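Here is a short report for a reader meeting this structure for the first time. Look at the sequence and the model, then read on.

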Amino acid sequence: MNEDPRAFRRRRIEAGLSQAELARQIGVGRSRICDVEKGRAGLAPKHLKSAADILGCTVHNLLRPDPEDAGVNDKQDVA
């Protein structure tokens, strides 16, 4: 369950799709999309890839940011 609920929902809305429409197109139930958007569940890799294709983005665009990447450029060397 690495999907970013806000990014997933935003991409779906920008694509002009309802939860039911996206669910039908990727082969899952509408409740699964609802759960993903609320952060309660994730999608199988094949469904996540299908969602990214339909939403016109990459899988990476639908995932939570890697916490290790956050602040990488903010670190300063202390002498």
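The sections below go from the overall layout to the helices, their packing and a few single residues.

## Overall layout

This is a predicted model. The chain holds four helices and zero strands. Read along the sequence, the pattern is α-α-α-α.

The chain has 79 residues, and 34% of them count as buried. Take the contacts in the chain with a separation of 6 or more. Residues 24 or more positions apart account for 57% of these.

## Helix α2 and its buried face

Helix α2 spans residues 19-26. Its buried residues are Q19, L22, A23 and I26. Seen down the axis of α2, these buried residues fall within an arc of 100°, so they line one face of the helix.

What covers them? The cover of the buried residues of α2 includes α1 (5-14), α3 (30-37) and α4 (45-55). Just after α2 comes G27, which takes a positive phi of about 85°.

## The largest nonpolar core

The largest nonpolar core has 15 residues. Those touching the most other members are F8, L22, I26, I33, L43 and L62. Three elements give two or more residues to this core: α2, α3 and α4. The largest share, four residues, comes from α4.

I33 also has a list of contacts beyond its neighbours within four places in sequence. These partners are F8, R12, Q19, L22, A23, I26 and V28. Among them, F8, L22 and I26 are also named with I33 as core residues that touch the most other members.

## How α3 packs

Two packed helices are described by the angle between their axes and the distance between the axes. For α2 and α3, the angle is about 110° and the axes lie 8 Å apart. Angles of 65 to 115 degrees count as roughly perpendicular. α2 and α3 are therefore roughly perpendicular to each other. The crossing in which α2 passes α3 is right-handed. On the α2 side, Q19, A20, L22, A23 and I26 take part; they meet R30, I33, C34 and E37 in α3.

α3 packs with α1 too. Their axes come within 7 Å and cross at roughly 130°. That angle makes α1 oblique to α3. Here P5, F8, R9 and R12 in α1 meet I33, V36 and E37 in α3. I33 and E37 appear in this set, and both also meet residues of α2.

## Helix α4

α2 also packs with α4. The angle is about 120°, and the axes are 9 Å apart. This makes α2 oblique to α4. α2 passes α4 in a right-handed crossing. L22, Q25 and I26 of α2 make the contact with H47, S50, A51, I54 and L55 of α4.

Which residues of α4 are buried? They are H47, L48, A51, A52 and L55. They cover an arc of only 140° around the axis, which puts them on the same side of α4. On the other side of α4, P45 and K46 are exposed. The buried residues of α4 pack against α1 and α2. G56 follows α4, and its phi is positive, near 70°.

## Two arginines of α1

R12 is found in helix α1. Is R12 buried or exposed? Its relative accessibility is 7%, so R12 counts as buried; the cut-off for buried is under 20%. Leaving aside neighbours within four places in sequence, R12 is in contact with L17, S18, Q19, L22, I33, E37 and L55. Of these partners, Q19 and L22 are among the buried residues of α2, and L55 is one of the buried residues of α4.

R9 is placed in helix α1 as well. With a relative accessible area of 45%, R9 is partly exposed. R9 and Q19 are ten residues apart along the chain, and their C-alpha atoms are separated by 8.9 Å. R9 is also one of the α1 residues that meet α3.

Methods: Residues numbered from 1 in each chain as written. Predicted model: local features only at pLDDT ≥ 70, side-chain atom pairs only at ≥ 80, totals over all residues. Heavy atoms only, no water. Buried < 20%, exposed > 50% of the residue type's maximum accessible area, 1.4 Å probe, protein only. Arc of directions from axis to C-beta. Contact = heavy atoms within 4.5 Å. Core = buried A, V, L, I, M, F, W, Y, C linked by side-chain atoms within 4.5 Å. Axes fitted to C-alpha atoms, helices over the stretch in contact; angles between N-to-C directions. Parallel < 35°, antiparallel > 145°, perpendicular 65-115°, else oblique. Left-handed = near helix turned anticlockwise from the far one by under 90°.
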